[in-house]
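The following report works through a multi-chain model, from its confidence to its interfaces, its packing and its backbone geometry. Please read it alongside the sequence and the coordinates.

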Amino acid sequence: MNFTWLPWLALFGALLPGPLRRLRIDPALVAGAVATLGLGLLIRTTPEVVVLGQTLKSSVPWVPSLGLAISLRLDGLGFLMCGLILGIGLLVVLYARYYLKPEEATGRFYGPLLAFMGAMLGIALSENLLLLVVFWELTSISSFLLISFWQFSTDARRGARMALTVTGLGGLALLAGVIWIGQIVGSYELTQVIEHADVLKAHPHYPAVLCLVLLGAFTKSAQFPFHFWLPHAMAAPTPVSAYLHSATMVKAGVFLLARCYPFLAGTELWFYLVTITGMLTLLIGSFLALFQNDLKGLLAYSTVSHLGLITLLFGLDTDLAPKAALLHLLNHAVFKASLFMAAGIIDHETGTRDLRRLSGLFKPMPVTATLAIVAAASMAGIPLLNGFLSKEMFFTETLDADDIFGRSWILPVGATLASVLSVAYSVRFVRQAFFGPPATGLEKTPHEPPRWLRVPVELLVLLCIAIGVAPALLVGDLIHAAASACVQGELPPYTIALWHGFNTPLVMSIVALIGGILVYARRERLFRGVEARLSVSQGRRAFEGIVAALVGSSQRLERALRLDQVTTHLRGLLACAVLVSAWLLLPALARVSPTNTSGDLVLWVLCGVALFALAGVLLKSERPLTAIVYSSIVGLAVTLTFAYLSAPDLALTQLLVELVAILLLLAAVPHFGLPPRDKRSSPVRALDGALALGVGGAVTIGCWLMLSTDVASISRYFLEKSVPLGQGNNVVNVILVDFRGFDTFGEVTVLAIASLGILALFDHLAQRQAPSDLRPRTPLFLQSVTKLLLNLALLTAVFLFLRGHNAPGGGFIAGLTAAVGLVFVYQARNPTGAPARRPASMSRWLAAGVLLAALPGVAAMLFGRAFLTAGHVHLPLPLVGEVHLSTVLVFDLGVFVVVVATVLAILPTLGRLPLGKPTAEEER
Amino acid sequence: MELAFSLLTGAITAAGVALLLRGDRFRVVLGIGLLGYAANLFIMASGGMLVGRPPLMDVTTDPARAADPLPQALVLTAIVIGFGMLAWLIALALRAGAETPEGKPSSKEPGS
Amino acid sequence: MSHLIALPFVLPLLAGAVLVALGERARASRWVTGLASILGLVVAALLLRQVHDSPISYQLGSWPWPVGIELYADRTSAALVLLSAVVAAVATLPAVGYDAGRGRHFLALLQFQLAGINGSFLAGDLFNLFVCFEILLISSYALLVHGHERPPRAAIVYTVLNLTGSTLFLIGVALVYGATGTLNLADVTARLADLPADTRGFGLAGAWLLALVFALKSALLPLGLWLPSTYAVASPTVAAIFMLLTKVGVYALMRLYGPWLDSSAPLASVGQALGVAAAASALVGALLALASRSLRQLAGSLVLVSVATALMALSAGGERAAAAALFYTLHSTLAAASLFLVAACVARLRGKAGDDLTTSPPVTWRGGLVLLYFGIAVLVAGLPPLSGFIGKVGALEVLARTPNGAALVGVLLTASLLGLIATVRAGNALFLRSPAEASRAPAGSGARTTGGAAALMFGLSVLLTVFAGPIREWVDVAGTQIGSPRQLRSLSQAELLEEPRP
């Protein structure tokens, strides 16, 4: 196993706690084991990575086409991060083991915790920038689960959502930035990108890329103005706060700055953006921390300010600033994690984290108090502790850095001011929690925590002191390796030491210390009234206001669109069609000159009749029966047009379909009720009118354009080959059953499905009204007439069916003829419309028809020909002579069956509906 | 005669659209029906217009002078499909119940 | 000759007919459905293998190209056929025991629907595409009202709108045939890109009308707003299968216009309109997701976003863009289908409250279901490491190269963020409330199967993630096939007449 296992160990480990808990094995064990194992793996690489400063790499392809590979690298920078993640992770697991109640869903805690650990390790080790984004978002997701661990608390849910949204926003920005880096450089591999740093910085998209990447870093590291999510994330259990929100996740942002340092830093834009953001965050965070009454709130804002400090350092253009930043990154993780854990102990043992209620805790819990005081001192930058070292370096760098806005004093003064505030809130934390009179009214009597809950704090505080006393020995090499990896170059020689002589930074430190104590002492007078105006929830309210506004406006948008009205959608569709046609057809209209404008009386008469009937439909649409009559006149005109324009098959079909359609409409009309009056406002009416005219006009023009041009088409083939290859004279029919039999097959399927759908739609009605009354009520003579008619119709159908291949006719037309005959018989036998058979039984016939139509096609496949290939057999029969049999006859028979069954299924179903008003039973 | 045919097709379309845009069940059914006629005529137009020369191939017919059979076949298919759809639409409109209780769609999956 | 290519259409059609013939015999129906699902998967897998090297062209009725109806399968269509086989097989699992009992012909209609979908993916002929569309539409109309006592309003809206769309389709086909004299898709697109002046205007108008119809099917703004409310009334298992319907629209757009989007052909302008419309749909879809009142509505709104994402990528033009669009389509279909199935599971657990997000009580804590929802939320929000992220990276990458890439990337990421907020809010409302508020309703029937189906669908997405590398490489080749014009044999009238039957 080598370092590449680190993220996967934790990620796969994340799958275990849930199942293990069922086996009654403490999931903390897994988590601890993973962290320990990881730490061991990491330490094994110390000689190469830390001492020799090498970079270990490995790569496994994932999606090569996108340049996404599982490429990992371990250099000094990654080593530092991994050390923090694993080391503090181990302590946090230990702490959480005693912090959480055993009956809590610990599987749901350690799972995400390990996932988070793995994701963080992934960020630290990613060589591929896209992979980094993957891990980056994974930390957001797992932190969402961790913050919302106590899901029943509204604060926890809100905090989790807010953290996810804000960091999610940053993650998307980072993704965009990385994609663009990949576009510019041609690779997402860090090594390549660093090599092409000059290209990147000179590229016109560099400012955009920089802003996007910084947006990612700043949201994650809770930089101003995105700092507001961090305090609310404190609704998480304290181990989570200690781990994610002080030591690791929020450090991912500054780690990203360090990673991008070699290829994005070093420009004016970077300097200003990063430095100013850092400075603002530093000041605002430390100022707000001063007013927090929640222990964890105070620590959260303090974290914000320290992250600002690290960010600021990365912004500076001095050689040693990255080194100082990384040192502080380490130091802050150590002291802040211990402080969070201490705060958790206080919460655990007293039942509150409110600084106004806490007091005098030193007496009941002296050890914890001592530990917290030491850590707080480190936070305040007291000498002999690690916080002091990095703060001194920070002061030095602000003094060495370039002028900002042409003023050299801004940075050092800002730094000192922030330090003053930081000392002040540290003093406040210590003074109010541990000193003063004993607290009263607490839920629990304070006492020292269980031994093991304190051990992690003890270790961390010990580290604070050790680093503070012997920095070069303990972390000198590590920080050097990390900083070299960060800048990807040689660093000027510098030894981290406790004593650099009596210099300006030291003066600044002393000023900060004294100033801080003074500020704390006089805070009442200094900040009178400020506290009332500062509310933790300001940021939250703004955020939730934005989200609520978004949701509200979306809901308004949805209502405004009136999506439940069919006309809304139709208008959109037709308007698009008209626009497209106007754009393309009108210019074409100008280009085409009419070839044949000779008048043709028949067509003009038909057109006139249709226009008259259309006017009738439109004007009389309040009276359904009249409208149907007019509409059928239009249909008749269309039929005659087909007949006139050399399409006898069409005319026949249209006529028969028309007949059945009218029967359907007549059956349905009584149930429709009266069509409502026009309720549209007059502008809408005018627009609709214009739309109708527009569509009509477009169709007219399109039609006319097509008629005015002559294009050679594939039809010639059909005309030539119909007789020799299709064995039929009626080309249209041959196309239908042979050349394009597949269309016809699809068409009868549609017909069958439509009938089945209708049968299903009326299923329960049909069952309810089983045909009970079949007594003939029609005069006997009419019955005989209809019987005669039926026979005639069936005979005609057979005739039409058989001749279809050579003359107008065919399965469809024959089917309709037969069906119409049958329907008339049923109607005559029983005017109420009840058929002889239940329409539902027609479904079998429908299925049979479809299968029959498919039969020759499938048979052709079995014979090795393509689906629906027609087969012809010439049978020499005695006496009759040679008979031509074709499989298309079977196909056409299928069509016939489907058509008959359709009509017989639909007409009676619709014809004997209960009235349109829902019956009481149906309402129920 | 092209103009007459084009006007016929366009007018039927316009009337169909006008009916559709009223949005009530009965007129929508009528409108869809009219649009069906229009679409069929329109497809016919794509093959050009010939009078009295149906694509029936006996020995005397000259393939070069017969009407284009392909659009006719397409129209036949379209007529049948259109009929199926119209029948479905009528059935759907009937089952949708009375016109009056508007905007009372059952937004939930029943019984689930 | 291999008939494999016809089977994805023929098999479900026959299965449907057999199911109709079986009528109320539930046991036999289950067997037939199961058999059809398995056969469908096998056939699709074999077809996928067969198109690995080169596309297949199959002349129905053995008539020479381009006069007969062609079935055509390249990697893209084969992948989509497999996708539809998979989605149908998984989504019918919970439907067999549950939805099938609530109305007639349900399982048959599902098979017919599948036949229409597969037919559309394999159609090599414009008019045949229309016919296949009609098969899938008429089945979808019937499936949409399935289980409803009365057809919901949204079903009527959906039906009328699509009937109008079909009319436009016919008009478009007529214009295209009038201008090119052919119906074969590849032939049509080749000719459309190079029309003589006198037919150019109306030929292109036909092409644009077809694009409008496909945009309507794929739910692209301004024509796509029907989708969320429509899918919100469908039974969730039906909605899961409906995921494939939008893909048919996307596929048709790819097939017809894909080769020309980055060329100078007049059809390239379709791509520009596509880009704008897709960007608008992504934003509006994300906003509608925020406004949704039920989980199904949320899922439907996110479908708008995902289709728009695929089409934005496609509109960038070129082979890589087509590959990105195809990969994203594969991902988003599985993702959205699993979200619908989770909605079904939630609805069945909550009984009367259904999948409502507003007032109803949360689901009693069920770790597995919550985890599943969470995983699916990650998937549909496009967060790493799941396939949504990989698909999104592919889309972003091609968009970043376009002239106004910054705007498109911005739109895509904004929509992602809104989608994330919406899914988190929904999860919050459904799962993360106090147990006191949780519903104590007895679990509705079929919750376990539905949850299992959702988990299965989610598992497929995980596979798509793990094997994203090879799949994406496979898809890249598919992109080169569909993103560039097909090499055609162009025959003169005389040569065609001499052509022997294959």
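## Confidence, contacts and local geometry

Within chain C of this predicted model, confidence is lowest in helix H19 (residues 493-498) of chain C, where the mean pLDDT is 79, and highest in H5(C), where it is 95. Chain C as a whole has a mean pLDDT of 89, with 96% of its residues reaching 70 or more. For the complex, the predictor gives an ipTM of 0.94 and a pTM of 0.93.

Turning to the interfaces, 100 residues of chain A are in contact with 104 residues of chain C. The side of chain A that touches chain C is made up, by class, of 64 nonpolar, 21 polar and 15 charged residues. Between chain C and chain B, 32 residues of chain C are in contact with 28 residues of chain B. On the side of chain C that touches chain B, the elements giving two or more residues are helix H5 (126-144), helix H6 (153-180), helix H9 (226-233) and helix H13 (319-350) of chain C, and the largest share, 13 residues, comes from H6(C). By class, that side of chain C has 18 nonpolar, 9 polar and 5 charged residues.

Two helices of chain A illustrate the packing. In helix H1 (residues 5-13) of chain A, the buried residues are A:Leu6, A:Pro7, A:Leu9, A:Ala10, A:Leu11 and A:Gly13, and their cover includes helix H3 (27-44), helix H5 (76-99) and helix H6 (107-125) of chain A. Helix H21 (residues 451-469) of chain A has 19 residues, which at 1.5 Å a residue should span 27 Å, and its end C-alpha atoms are indeed 27 Å apart, so the expected and computed spans agree. Among the buried residues of H21(A) are A:Leu453, A:Pro456, A:Val457, A:Leu460, A:Cys464 and A:Ile467, and A:Arg454 is also buried. H5 of chain A takes part in covering the buried residues of H21(A) too, and the cover further includes helix H17 (321-350), helix H18 (366-380), helix H19 (386-400) and helix H22 (471-487) of chain A.

In chain C, strand S1 (residues 56-59) and S2(C) run antiparallel and are joined by 4 bridges, with C:Gln59 standing opposite C:Glu70 in S2(C). Strand S2 (residues 70-73) of chain C is covered on both faces, since C:Glu70 and C:Tyr72 on one side and C:Leu71 and C:Ala73 on the other are all buried.

The backbone also has points of note in its loops, where cis peptide bonds and positive phi values occur, as listed below.

| Residue | Backbone feature | Loop |
|---|---|---|
| C:Pro222 | cis bond from C:Leu221, omega near 0° | between helix H8 (197-217) and H9 of chain C |
| C:Pro385 | cis bond from C:Pro384, omega near 0° | between helix H14 (367-380) and helix H15 (387-400) of chain C |
| A:Arg562 | phi near 50° | between helix H26 (537-561) and helix H27 (566-591) of chain A |
| A:Leu868 | phi near 70° | between helix H38 (842-862) and strand S3 (872-877) of chain A |

Are the two residues with positive phi, A:Arg562 and A:Leu868, buried or exposed? A:Arg562 counts as exposed because it has 11 C-beta neighbours inside 10 Å, and the cut-off for exposure is 12 or fewer. A:Leu868, by contrast, has 31 C-beta neighbours inside 10 Å and therefore counts as buried, for which 20 or more are needed.

Definitions and conventions
Residues are numbered from 1 along each chain as its sequence is written. Chains are lettered from A and ligands numbered from 1 in the order in which they are written. This is a predicted model: local features need pLDDT of at least 70, side-chain atom pairs count only at pLDDT 80 or more; totals for chains, interfaces and linings use all residues. Two residues are in contact if their C-beta atoms, placed from the backbone, lie within 7 Å. Two strands pair if DSSP finds at least two bridges between them. The expected span of a helix is 1.5 Å times one less than its number of residues. Ala, Val, Leu, Ile, Met, Phe, Trp, Tyr, Cys and Pro count as nonpolar, Asp, Glu, Lys and Arg as charged, and the others, Gly among them, as polar. pLDDT is the predictor's confidence in each residue, from 0 to 100.
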